[in-house]
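This report covers the nonpolar cores, one helix and the enclosed and open spaces of a single chain. The sequence and structure are shown first.

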Amino acid sequence: LARMFPEAKFIHLIRDGRGASEAMWRRKFYNRDILRIAAHWRGCVESVWSAAEAFPTRFRDFHYEELVRNPEGTLREMCEFLGLDYSESLLNYRGNVEEHLAQSDLRQKGLHETLTRPVDESESGIWRTRLTRSQIFQFEAAAGGVNRRAGYFPFFSRVWTPAFVLARSILGLRSCWRKLRSMWPPGRRVSAANKSSSSRPWRPS
């Protein structure tokens, strides 16, 4: 996109990965496997940062928590970065959201229904009460480094670093095992394809 639109600027709205993961866990992403959710979040953020390195003056990170805490100030900063005039209408989004949701399917309503409510600052840290200590540990093992780089303090101290290393190793093994299971036995998919093709009647071309 940056190459297709050479004058475009990009805003990366980043949220504490534990909060983002809690939201995905609540919506049953990856069968609520917090390690896979954390790995997904980490991959998304790293992809954006990788693109930003190639076009550093055209990308800027903004924090979701700051937007919730200070909507007007953050929106003014965004507009200044984009070279746009700030408008009070940016704060009056709820009417437009309700109109769009009324025309959307049930899945979209389920994902975005909170947009029809006033901004609630407590939502930004709600992961502290909704995630268990085990889930927080798993997230920080899988994506804690990226979360710290984004400016968020870890829940667990550095004393837990060896345990994080072990957990990351387990995550890698689980990923390999999942891939192996999808490929085993080796001839299963080929046999199924051959059986399917052999059952179809021959037709002249």
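Which residues line the second largest pocket? In this predicted model, the lining consists of Asp16, Arg18, His63, Glu65, Glu66, Arg69, Ser124, Gly125, Trp127, Arg128, Tyr152 and Phe153. Helix 3 (64–69) and helix 7 (127–130) each supply at least two of these residues, and helix 3 has the largest share, with three. The pocket has a volume of about 160 Å³.

The model also holds one cavity of 30 Å³ or more. Its lining is made up of Arg18, Phe139, Glu140, Gly144, Asn147, Arg148 and Pro154. Helix 8 gives the most to this lining, namely five residues. Arg18 is in the lining of the cavity and also in that of the second largest pocket.

The two spaces are set side by side below.

| Space | Volume | Nonpolar lining residues | Polar lining residues | Charged lining residues |
|---|---|---|---|---|
| Largest cavity | about 30 Å³ | two | two | three |
| Second largest pocket | about 160 Å³ | three | three | six |

The nonpolar cores come next. In soluble globular proteins, nonpolar side chains tend to be buried together. The largest nonpolar core here has 15 residues, and Ile14, Trp41, Val45 and Trp49 touch the most other members. Helix 1 (17–26), helix 2 (34–54) and helix 8 (133–149) are the elements that give two or more residues to this core. Helix 2 provides the largest share, six residues. Beyond its neighbours within four places in sequence, Val45 is in contact with His12, Ile14 and Val146.

Another core lies apart from this one and has six residues, among them Trp127, Ile136, Phe137 and Phe156. Trp127 is also one of the residues that line the second largest pocket.

Helix 8 therefore deserves a separate description, as it contributes to the largest core and to the cavity lining. Its buried residues are Gln135, Ile136, Phe137, Phe139, Glu140, Ala141, Ala142, Ala143, Gly144, Val146 and Asn147. Of these, Phe139, Glu140, Gly144 and Asn147 also line the largest cavity. The helix bends by about 80° at Ala143. Just after helix 8, Gly151 takes a positive phi of about 105°.

Definitions and conventions. Residues numbered from 1 in each chain as written. Predicted model: local features only at pLDDT ≥ 70, side-chain atom pairs only at ≥ 80, totals over all residues. Heavy atoms only, no water. Core = buried A, V, L, I, M, F, W, Y, C linked by side-chain atoms within 4.5 Å. Buried < 20%, exposed > 50% of the residue type's maximum accessible area, 1.4 Å probe, protein only. Helix = DSSP H or I, 4+ residues; strand = E, 2+ residues; numbered from the N terminus. Contact = heavy atoms within 4.5 Å. Bend = angle between axes of the 7 residues up to and from the residue. 1 Å grid on protein atoms, 1.4 Å probe; cavity = no way out; pocket = protein on both sides within 12 Å on 5 of 7 lines; lining within 4 Å. Points joined across faces, edges and corners; volume = space filled by probe spheres on them. Nonpolar A, V, L, I, M, F, W, Y, C, P; charged D, E, K, R; others polar.
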